[in-house]
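Trainee: Before we discuss this model, could we place the sequence and the structure side by side and then take the questions one at a time?

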Amino acid sequence: MSKIIEAKNITMTFNMSSEKIESIKEYFVKMVKHQLFFEEFKALNNISFDVNRGDVFGIVGLNGSGKSTLLKIVSGILKPTSGTIDVRGNISPLIELGAGFDFDLTARENVMLNGLVLGYTKEHMIEKMDEIIEFSELQDFMDVAVKNYSSGMVARLGFAIATSVVPEILIVDEILSVGDFRFQEKCEERMSKMMAGGTTVLIVSHSIAQIERLCTHVMWLEKGNMVKIGEAKEVCEAYKKGN
Ligand SMILES: Nc1ncnc2c1ncn2[C@@H]1O[C@H](COP(=O)(O)OP(=O)(O)OP(=O)(O)O)[C@@H](O)[C@H]1O
C-alpha cells in the first residue's frame with residue numbers, strides 16, 4: 001500500500017505568556033524593555049505515523065490533547081517546531097467550524113472568497129455555486145451575513161464548499177458533531193462515496209461511535225503524546241477503557 005502521509009517525529013511547541021498582560025500598551029512597553037517572558041508548551045511530542053492511500057484515519061483524545069494541532073500541521077496551516085511531514089496528494093481545505101470564513105460577508109460571498117483563496121477561478125465557483133447551495137440546503141440564507149448563522153449552518157456551508165471538489169485527502173475537524181443527525185447522515189454518505197473513490201480521510205471527532213463506524217485506523221493522543229495507534233476497533237476499545 002502506498003503512503004500518502006508520512007509524519008516523522010513531529011513536535012509542536014507554543015509560547016505561552018507566563019504572566020497576565022492587561023493591555024496592548026503594557027505588552028509593547030514590556031516588549032521594548034525586554035520584560036516579556038514566555039513558557040514553552042508542548043502541544044505535540046515526537047509524533048510519528050503513516051497514513052496509506054484510501055485509509056480513513058481517525059484521531060481521538062480528550063480536550064486539548066493536540067488533535068486539531070496535528071490536523072493543522074498535516075494541512076500545512078502550522079509548521080511543526082521539529083520533525084517532518086510529507087503529504088503526497090492535494091488536500092481539501094481544513095473543515096473546521098468557521099475556518100476561512102469572513103463572518104461579515106454573506107454565504108454567497110464566502111463561497112466565492114473561499115474558492116478564490118483555494119485557487120479556483122471565479123467561473124469555476126459560479127459553476128459550483130448551485131451544487132453547494134443545494135447540498136447545504138441554505139437556499140433561503142445565501143444572502144445573509146454568516147455572523148447570523150447558527151453553528152450548524154456554518155458547518156453545512158463549510159462541508160459543502162470543502163467537498164465541492166473531490167480532494168485526494170479530506171480533512172474533517174469535529175464539524176460533524178454540530179450538525180443535526182440528518183446533516184450528519186448526508187455528510188457521511190458523501191464521505192463514503194469519496195472513500196469508495198479512493199479519497200483518504202483524516203477525521204477528528206469526540207463521537208467514538210462515529211469514529212468506529214467510519215475509520216479504518218485510529219490514533220489516540222493524550223496531552224500531546226501518542227498513546228496508541230492501529231486498527232480502529234482495537235484503539236477505540238482501549239480508549240473507551242482508558243488503557
Ligand atoms: N496557537 C496556539 N497558541 C498557544 N497554544 C495553543 C495554540 N493552539 C493550540 N494550543 C494549545 O495546544 C493544546 C492542544 O490544542 P488542540 O486544539 O490541538 O487540542 P484538541 O485535542 O483539538 O482539543 P479539543 O478536543 O478541545 O478540540 C491546547 O492546550 C491548546 O491550548
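**Helix H8 and the ligand site**

Mentor: In this predicted model, helix H8, which spans residues 232–241, has as its buried residues Ala232, Val235, Cys236, Ala238 and Tyr239.

Trainee: Within what arc do the buried residues of H8 fall, seen down its axis?

Mentor: The residues in question are Ala232, Val235, Cys236, Ala238 and Tyr239. They line one face of the helix, because seen down the axis of H8 they fall within an arc of 165°.

Trainee: Which residues are exposed on the other side of H8?

Mentor: The buried face has cover that includes strand S3 (56–60), helix H7 (208–214), strand S7 (217–222) and strand S8 (225–231). On the other side of the helix, the exposed residues are Lys233 and Lys241.

Trainee: Turning to the ligand, which element gives the most to the shell around it?

Mentor: The shell holds 13 residues, the closest being Gly64, Lys67, Ser68, Thr69 and His206. At least two residues each come from strand S1 (3–17), strand S2 (38–52) and helix H2 (67–75). With three residues, the element that gives the most is H2.

Trainee: How much of the area that the ligand exposes when taken alone does the protein bury?

Mentor: Oxygen atoms of the ligand lie 2.9 Å from a side-chain N or O atom of Asn63, 2.7 Å from one of Lys67 and 2.9 Å from a polar side-chain atom of His206. Taken alone, the ligand exposes 640 Å², and the share of this that the protein buries is 62%.

Definitions and conventions: Residues numbered from 1 in each chain as written. Predicted model: local features only at pLDDT ≥ 70, side-chain atom pairs only at ≥ 80, totals over all residues. Heavy atoms only, no water. Near = heavy atom within 4 Å. Polar contact = N/O pair within 3.5 Å; in protein donor to acceptor, adjacent residues only side chain to side chain. Areas by Shrake-Rupley, 256 points an atom, 1.4 Å probe, with all protein chains shown as cover. Helix = DSSP H or I, 4+ residues; strand = E, 2+ residues; numbered from the N terminus. Buried < 20%, exposed > 50% of the residue type's maximum accessible area, 1.4 Å probe, protein only. Arc of directions from axis to C-beta. Contact = heavy atoms within 4.5 Å.
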